[in-house]
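User: I have a model open and would like to talk it through before I go back to the bench. Could you take me round it, beginning with whatever I need in order to follow you?

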Amino acid sequence: MKPLYDRSLKPSGKLFFTGINAQRRVKWTIPDSRGHKENNSTEMTVNSFKILMQQDVKNLFPESKVMGFSGSPRKGGNSDIILQHILNGVTENQFPTDSLRLADCQYQPCIGCERCRKDKICTGLMDGMSFLYPKIINAKGLVLVSPTHNYNITAWMKAFIDRLYCFYDFNNNRPRGWSSRLADQGRKAVIAGVCEQKSKEDMGFTLDAMRRPLEALGYEIIGELTVFGVFDKAGVKKQSHTMIKATELGSNLAKLIGN
Ligand SMILES: Cc1cc2nc3c(=O)[nH]c(=O)nc-3n(C[C@H](O)[C@H](O)[C@H](O)COP(=O)(O)O)c2cc1C
């Protein structure tokens, strides 16, 4: 039988496997945005993941809530702060939010096994992403924030976006025509990038690298934020106009997912 997860995967970061017993139960622990562990430990059985596999995501209409992901490895850094302000704008409008730092979630990049063609969710890798898929599916609103690393999004954000490949349906033509099972569900997103330098050129592909895949997946990008000239950890707090704009974006997102 194919192993349920890579046993060589060593616990690292904040999301880790704590064991697997005879009932094939996988236990996960993941901190929430404030670093507290969700209910002390969040458990997800392989069975519940199978239930998700059996459901057609096309028919699972998302709830009016917002899920935010920060792609920075720097805890409490600029991306985390920008994300928090965007989510503050959502909560001000009485919509629920949840957020995670991708660097706290143990997952691998897509291995291109194409098992998702048949299974309709990623089954080639059973890792932290298996925990994140239900959160993405359930939330109508999505916020992605990444610092610029070498003119692009961070490796965490890139790997996260690649793992959303499992939401595509392809036909058998070459090149294959495709559609997204997340499309036509009113999904909306806000994206933000932050970098040290002062020009759009120095931010490189950061915004494009989030916008284009999200649009392909069926999200409408309702707002974007580019933040320049910030290097120091939490230095963005000094840019009051950025904090205000971030909160406004969150507020707009809330209004649109509520419609
Ligand atoms: C590996 C690495 C590569 C970076 N590459 C760029 C870059 O190409 N352009 C730029 O303007 N800033 C670059 N920066 C600076 C960060 O984008 C900047 O410090 C940002 O504020 C970090 O945000 P954070 O606190 O959310 O991690 C780089 C930083 C690191 C660590």
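Analyst: A residue is called buried here if 20 or more other C-beta atoms lie within 10 Å of its own, exposed if 12 or fewer, and partly exposed in between. Please keep in mind that this is a predicted model. With that cut-off, Trp156, Met157, Lys158, Phe160 and Ile161 are buried in helix α5, which spans residues 155-162.

User: What covers the buried residues of α5?

Analyst: The cover includes β4 and β6, and also α7 (206-217).

User: Let's step back, then. How many helices and strands does the protein chain have, and what share of its residues count as buried?

Analyst: The protein chain has 8 helices and 10 strands, and of its 259 residues 40% count as buried. Among contacts with a separation of 6 or more, 71% are between residues 24 or more positions apart.

User: What is the strand order in the open sheet?

Analyst: The open sheet has 5 strands in the order β5-β4-β6-β9-β10, and the pairing is parallel. Because β5 (97-101) and β10 (220-227) each have a single partner strand, they stand at the edges and one side of each is left without a neighbour in the sheet. On average, and ignoring direction, neighbouring strands of this sheet are turned by 15° against each other.

User: Which residues stand opposite each other around β4?

Analyst: Strand β4 (residues 63-70) is joined to strand β6 (residues 139-147) over 6 bridges in the parallel sense, and in that pairing Met67 stands opposite Leu142 while Gly68 stands opposite Val143. β4 also pairs with β5, again in the parallel sense, over 5 bridges, and there Met67 stands opposite Asp98.

User: And β6, what is its other pairing, and how many of its residues are buried?

Analyst: β6 pairs with strand β9 (residues 188-194) over 7 bridges, in the parallel sense, and within β9 the bridge partner of Gly141 is Lys188. As for burial, 9 of the 9 residues of β6 are buried, so the strand is largely enclosed by the rest of the structure.

User: Which helix lies across β4, β5 and β6?

Analyst: That is helix α4 (residues 128-138), which runs at about 120° to β6.

User: Now the nonpolar core. Which residues touch the most other members?

Analyst: The largest nonpolar core has 61 residues, and Val66, Ile82, Ile86, Val143, Leu144 and Ala192 are the ones that touch the most other members. Helix α2 (residues 78-91) supplies the largest share of this core, with 6 residues. As general background, nonpolar side chains tend to be buried together in soluble globular proteins.

User: Take Ile82, what is it in contact with beyond its neighbours within four places in sequence?

Analyst: Apart from those neighbours, Ile82 is in contact with Val145, Ala192, Val194, Leu225, Val227, Val236 and Ala246.

User: Switching to the ligand, which residues come nearest?

Analyst: There are 18 residues around the ligand, and Ser72, Gly77, Ser79, Pro147 and Cys195 come nearest. By character, the shell divides into 6 nonpolar, 8 polar and 4 charged residues.

User: I also want to look at the backbone. Where is there a cis peptide bond?

Analyst: A cis peptide bond joins Arg174 and Pro175, with omega at about -10°, and Pro175 lies in the loop between β7 (168-170) and β8 (178-180). In general, most peptide bonds are trans and most residues other than glycine have a negative phi.

User: Which residues other than glycine have a positive phi, then?

Analyst: Glu114 is one of them, with phi near 65°, and Ala234 is another, also with phi near 65°. Glu114 is placed in the loop between β5 and α3 (116-119), whereas Ala234 is in the loop between β10 and α8 (240-258).

User: Are those two buried, exposed or partly exposed?

Analyst: Glu114 has 13 other C-beta atoms within 10 Å and is therefore partly exposed. Ala234 is likewise partly exposed, with 13 other C-beta atoms within 10 Å.

User: One last residue: where is Ala216, and how far is it from Leu182?

Analyst: Ala216 lies in helix α7, and because 16 C-beta neighbours are inside 10 Å, Ala216 counts as partly exposed. Ala216 and Leu182 are 34 residues apart in sequence and 9.6 Å apart in space, C-alpha to C-alpha.

Key
Residues are numbered from 1 along each chain as its sequence is written. This is a predicted model: local features need pLDDT of at least 70, side-chain atom pairs count only at pLDDT 80 or more; totals for chains, interfaces and linings use all residues. A residue is near a molecule or strand if its C-beta atom, placed from the backbone, lies within 6 Å of it. Ala, Val, Leu, Ile, Met, Phe, Trp, Tyr, Cys and Pro count as nonpolar, Asp, Glu, Lys and Arg as charged, and the others, Gly among them, as polar. Two strands pair if DSSP finds at least two bridges between them. Helices (H or I, at least four residues) and strands (E, at least two) are DSSP runs, numbered from the N terminus. Axes are lines fitted to C-alpha atoms, for helices over the stretch in contact, and angles run from 0 to 180 degrees between N-to-C directions. Two residues are in contact if their C-beta atoms, placed from the backbone, lie within 7 Å. A nonpolar core is a set of buried Ala, Val, Leu, Ile, Met, Phe, Trp, Tyr and Cys residues joined through C-beta atoms within 7 Å.
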